[in-house]
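Open the model in your viewer and keep the selection box ready. This tour moves from stop to stop and tells you what to pick next.

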Amino acid sequence: MYVAVKGGETAIARSWDLLAAARRGDETAPELSIAQIRQQLRLAVARVMQEGSLYDEELAALALKQASGDSIEAVFLLRAFRTTLPRFGQTLPLDTAAMRVRRRVSGTFKDVPGGQILGPTADYTQRLLDFSLMEAAQKMELEQAAAPLPDALPDALPGVLRLLDREGLIEADLPPDGDPEPVDLTREPLMFPAGRPARLQNLARGDEGWLLGLAYSTQRGYAESHPFAGEIRMGEVSVMVCPEELGFEIDIGEITLTECQMINQFAGSKTAPPQFTRGYGLSFGEAERKAMAMALVDRSLRAEELGEAAHAPAQQAEFALCHSDNVEASGFVQHLKLPHYVDFQAELALIRQLRAAAQEKTDD
């Protein structure tokens, strides 16, 4: 029999008050604004947008503040809000080739059309704490105002992988036969076997830590993968729609994206010659690590398609995809905190019976 906890509603209401107080912290310290979180914690905001499947920097910043910086809880909040939004239509495919690039690097070619653009990155810094960040904000503002403005960047840069494509050394980047409309995993469940569009959509909203671990496993020999970073680019891409009542395309704004194309060796098959193959990653905001991990896992999941042996965890679609959702994973783990009194009493009674039976055999 389930025994209800007395005073549960009052206790829950009180826990909300305590949560709000813990979130605010010392009231003598300035409170974080949504604008501060959005602008100064942009990478955390980008992660919440990716895994929350909703591009809205302000709402992602609000979710982070409400969750006291817990990114998974913030993702949960953003997804829950997303379900309340009406859908007016769909955009045209994003043209990342026309990206207004702020960062573009290639690990395969030193000299690429348009050059390497380092952009905002910590790759070339020493991992030492910068205690100057603890100084007065006014001093920082003065230093920023005196800093020279960055050079103007071109509107678009040609893709690096075109260098291989010209010689036919890399697989063609073509849509599947018939160019079918991909499933919407925010409205339809993931079904197996899952096509590459569904897999990419799943990976795009998957937990970064999970994908990073799988990607790392492929480099340690659990997928026989030897990747090269063909191109990583970050910048702004226009979002286009074509309303039926108008019949022509309209630019409704732009979003920040990070795109990664990995290059992998391929020994060839009965229908394809030896060539390089692609792994692809695309993420909201500045999210280089996520896009790279996504590209590595995407390539691993193509093993069966390319006629390769699939024996590693990162090559098993059901394992890799079904466990990538941090909201679902968090729910399954954290539900253990909820009352399981009846289940435990049943287990307890069973253990007692088994022990008693074992004791009787010993006495005999």
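The stops below go from the whole chain to a sheet, a helix, a pocket and one loop residue.

**The whole chain.** Start with everything shown. Keep in mind that this is a predicted model. The protein chain has 364 residues, and 30% of them count as buried. Colour by secondary structure: the chain holds 13 helices and 4 strands. Its C-alpha atoms fill a box of roughly 80 × 65 × 55 Å along the principal axes. Now turn on contacts. Among those between residues at least 6 apart in sequence, 65% join residues at least 24 apart.

**The sheet.** Next, select the strands. The 4 strands make an open sheet in the order 1-2-3-4, with antiparallel pairing. Which strands sit at the edges? They are strand 1 (100-105) and strand 4 (275-284), each of which pairs on one side only. Neighbouring strands are turned by 20 degrees against each other on average, direction ignored.

Zoom in on residues 228-241 and 250-266. These are strand 2 and strand 3, which run antiparallel and are joined by 13 bridges. Pick out Glu236: opposite it, in strand 3, stands Thr256.

**The helix on the sheet.** Add helix 10 to the view. Helix 10 packs on the sheet and touches strand 1, strand 2, strand 3 and strand 4. The direction of helix 10 makes about 140 degrees with that of strand 4. In the sequence, select 288-300 to get this helix.

**The second largest pocket.** Keep helix 10 on screen and show the pocket surface. The second largest pocket encloses about 880 Å³ of space. It is lined by 31 residues, and those closest to its centre are Leu43, Thr121, Ala122, Asp123 and Arg289. Which helix gives the largest share of the lining? Helix 10 does, with 6 residues. Helix 3 (42-52) and helix 9 (208-219) also each supply at least two lining residues. Colour the lining by residue type: 14 are nonpolar, 6 polar and 11 charged.

**A loop residue.** Last, select Glu31. Look for it in the loop between helix 1 (8-24) and helix 2 (34-40). Is Glu31 buried, partly exposed or exposed? Its relative accessible area is 47%, so Glu31 counts as partly exposed; the class runs between 20% and 50%. Show its neighbours too. Leaving aside residues up to four places away in sequence, Glu31 touches Arg24, Gln36 and Lys65.

Notes
Residues numbered from 1 in each chain as written. Predicted model: local features only at pLDDT ≥ 70, side-chain atom pairs only at ≥ 80, totals over all residues. Heavy atoms only, no water. 1 Å grid on protein atoms, 1.4 Å probe; cavity = no way out; pocket = protein on both sides within 12 Å on 5 of 7 lines; lining within 4 Å. Points joined across faces, edges and corners; volume = space filled by probe spheres on them. Nonpolar A, V, L, I, M, F, W, Y, C, P; charged D, E, K, R; others polar. Pairing = 2+ DSSP bridges. Axes fitted to C-alpha atoms, helices over the stretch in contact; angles between N-to-C directions. Contact = heavy atoms within 4.5 Å. Buried < 20%, exposed > 50% of the residue type's maximum accessible area, 1.4 Å probe, protein only.
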